[in-house]
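Grab a pencil and work through these exercises with the sequence and the 3D view side by side. Try each task yourself before reading its solution.

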Protein chains: 2
Amino acid sequence: MSESKANPRDNILDAAQRVAGKEGAGNLTLDKVACECGMSKGGLLYNFPNKDALLAGMLDRLLEQHRSMMDSEEKSLAGEPNACLKAMLGANACHEVADPGVYLSLLAASAHKPELMAPVKETLAEYYQRLQNESSDPDMATILWLAAEGLIFHAILGLAPYSQSEKNRLFQKLMQISEEAL
Amino acid sequence: MSESKANPRDNILDAAQRVAGKEGAGNLTLDKVACECGMSKGGLLYNFPNKDALLAGMLDRLLEQHRSMMDSEEKSLAGEPNACLKAMLGANACHEVADPGVYLSLLAASAHKPELMAPVKETLAEYYQRLQNESSDPDMATILWLAAEGLIFHAILGLAPYSQSEKNRLFQKLMQISEEAL
DNA sequence: ATGTCTTTACCGTCTGGCTGGTACAGTAGA
DNA sequence: TCTACTGTACCAGCCAGACGGTAAAGACAT
């Protein structure tokens, strides 16, 4: 009957993302999130015992989604040279297109309590290490990855001076270079 | 006699930057800033009539510093091909090294009230336009610029998985590519 | 030089609204 | 009846900003 009735945790996480987008990442409050997902504050706090847990949950889901995208991306690239880099670029691109705003949790968490970012930092360190070990030209691979990160950060801060389609073209270009130039 | 007695506005802006670094960009409060620069809240509000003005002041100074760095960088590169790109990369690198933390104002402003970022967006748009018009390979130039931006954003979010010296090497590498590859 | 008047730059307190978090009484389904 | 969850009422702390001082430094007239 109801397809939109995902589990309550995901409903809440989605709502939090929307609030962060509408009000600014630093103005995410429990009341607003509860209201946005049509739930009472009590209900919200039943699912996430406090604000830190909510933010951590957002980051956790982001990381998990990103990782699974990378894995599937990598599987379809099996064996190709620089598969790791290509999968990372692909995951960044897909993830951003599928749900612009997922990355807002980074801003929200970092604004509220930078310590919450530790798992993100670990994940990034792991990716970076793989990039160094599995790329034919590690420096160039790092640069291409950083450019993709730059695209993401411009997007979440609302600073991008290029259109959506130009952004997509730039992602394409990054992938293309990762085939040709190294 | 006293060199550290800059004008009060700059003292306050510096203090605000320090607070943003210590407490997290979203926890910048007027009380903390006043305390950090050894001034009362009343005194602070005399210099900046409200919080928005303080944040806007931080962004304004950031933009101004960045622009002046780009200008001087560009002057010393006069006539070289892709001078614009090189100046942008140089300014990003210098600025970040001179005062890691300048860019925290971006996070603070964006967390508090995204609208404050409008001037930043305009400036970025202008830079991007110049990059398109004055580069021999606009796409590649954009990618190198985005990589530099990625480095900055990793730094302000405390996510960089590479050391300071690796970061410097990456900046070097970016400049090198901007000479060679286009 | 003396007294008054203004301006500048700042101080410290107060307040009302918002926020995170708690307590608890309820309710629907198994 | 037990479990899983909802929703209301409430509180204590924090925050932005308003406001009423005040001390020091001129300005101006006498």
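## Exercise 1: Two residues on chain B

**Task.** Leaving aside neighbours within four places in sequence, find which residues B:A83 is in contact with, and work out whether B:A83 is buried or exposed.

**Solution.** Start with the contacts: setting aside neighbours within four places in sequence, B:A83 is in contact with B:E74 and B:L77. Here, contact means heavy atoms within 4.5 Å.

A quick note on the ground rules: this is a predicted model, where local features need pLDDT of at least 70, side-chain atom pairs count only at pLDDT 80 or more, and totals for chains, interfaces and linings use all residues. Residues are numbered from 1 along each chain as its sequence is written, chains are lettered from A and ligands numbered from 1 in the order in which they are written, and side-chain values use heavy atoms, with hydrogens and water left out.

Next, place the residue: B:A83 lies in helix α5 (residues 83-98) of chain B. Helices are DSSP runs (H or I, at least four residues), numbered from the N terminus. With a relative accessible area of 13%, B:A83 is buried. Buried means under 20% relative accessible area, exposed over 50%, and partly exposed in between (1.4 Å probe, protein chains only).

Finally, look far along the chain: B:S178 is 95 residues away from B:A83, and their C-alpha atoms are separated by 9.3 Å.

**Task.** Now do B:S135: where does it lie, and which backbone oxygen does its side chain reach?

**Solution.** B:S135 sits in the loop between α7 (118-134) and α8 of chain B. Its relative accessibility is 10%, so B:S135 counts as buried. The side chain of B:S135 reaches the backbone oxygen of B:L131 at 2.6 Å. That's a polar contact: a pair of N or O atoms within 3.5 Å, where, within protein, one must be able to donate a hydrogen and the other to accept it, and residues adjacent in sequence count only if both atoms are side-chain atoms. Beyond its neighbours within four places in sequence, B:S135 is in contact with B:N82 and B:A141.

## Exercise 2: Check the helices

**Task.** Compare the expected span of helix α4 of chain B with the distance between its end C-alpha atoms.

**Solution.** The expected span is 1.5 Å times one less than the number of residues. Helix α4 (residues 51-75) of chain B has 25 residues, so it should span 36 Å; the end C-alpha atoms are 36 Å apart, which agrees.

Now check the start of the helix. B:N50 caps the N-terminal end of α4(B), with a side-chain oxygen 3.2 Å from the backbone nitrogen of B:D52.

Then see what is covered. Among the buried residues of α4(B) are B:L54, B:G57, B:R61, B:H66 and B:E74. The buried residues of this helix pack against α1 (8-23), α2, α5, α6 (104-112) and α7 of chain B.

**Task.** Do the span check for α8 of chain B, and count how many of its residues are buried.

**Solution.** Helix α8 (residues 138-156) of chain B has 19 residues, so 27 Å is expected; its end C-alpha atoms are 27 Å apart, and that agrees. α8(B) is mostly covered, with 17 of its 19 residues buried. Just after α8(B), B:G158 takes a positive phi of about 65°.

## Exercise 3: The DNA and the two chains

**Task.** How many residues surround DNA strand C, and which are the closest?

**Solution.** There are 14 residues around DNA strand C, and the closest are A:K41, A:L45, A:K51, B:M39 and B:S40. A residue is near a strand if one of its heavy atoms lies within 4 Å of it.

Now go through the phosphate oxygens:
- A polar side-chain atom of A:K51 is 2.6 Å from one on DNA strand C.
- A backbone N or O atom of B:S40 is 2.9 Å from one on DNA strand C.

**Task.** Which residue's side chain approaches a base nitrogen of DNA strand D?

**Solution.** An N or O atom in the side chain of B:K41 is 2.6 Å from a base nitrogen of DNA strand D. α3(A) gives the largest share of the surface near this strand, 4 residues.

**Task.** What rotation superposes chain A on chain B?

**Solution.** A rotation of 180° with 0.0 Å of shift along its axis does it (RMSD 0.1 Å). That is the relation of a two-fold axis. The superposition is by least squares on the C-alpha atoms of residues with pLDDT of at least 70 in both copies.

Note on methods:
Helix = DSSP H or I, 4+ residues; strand = E, 2+ residues; numbered from the N terminus.
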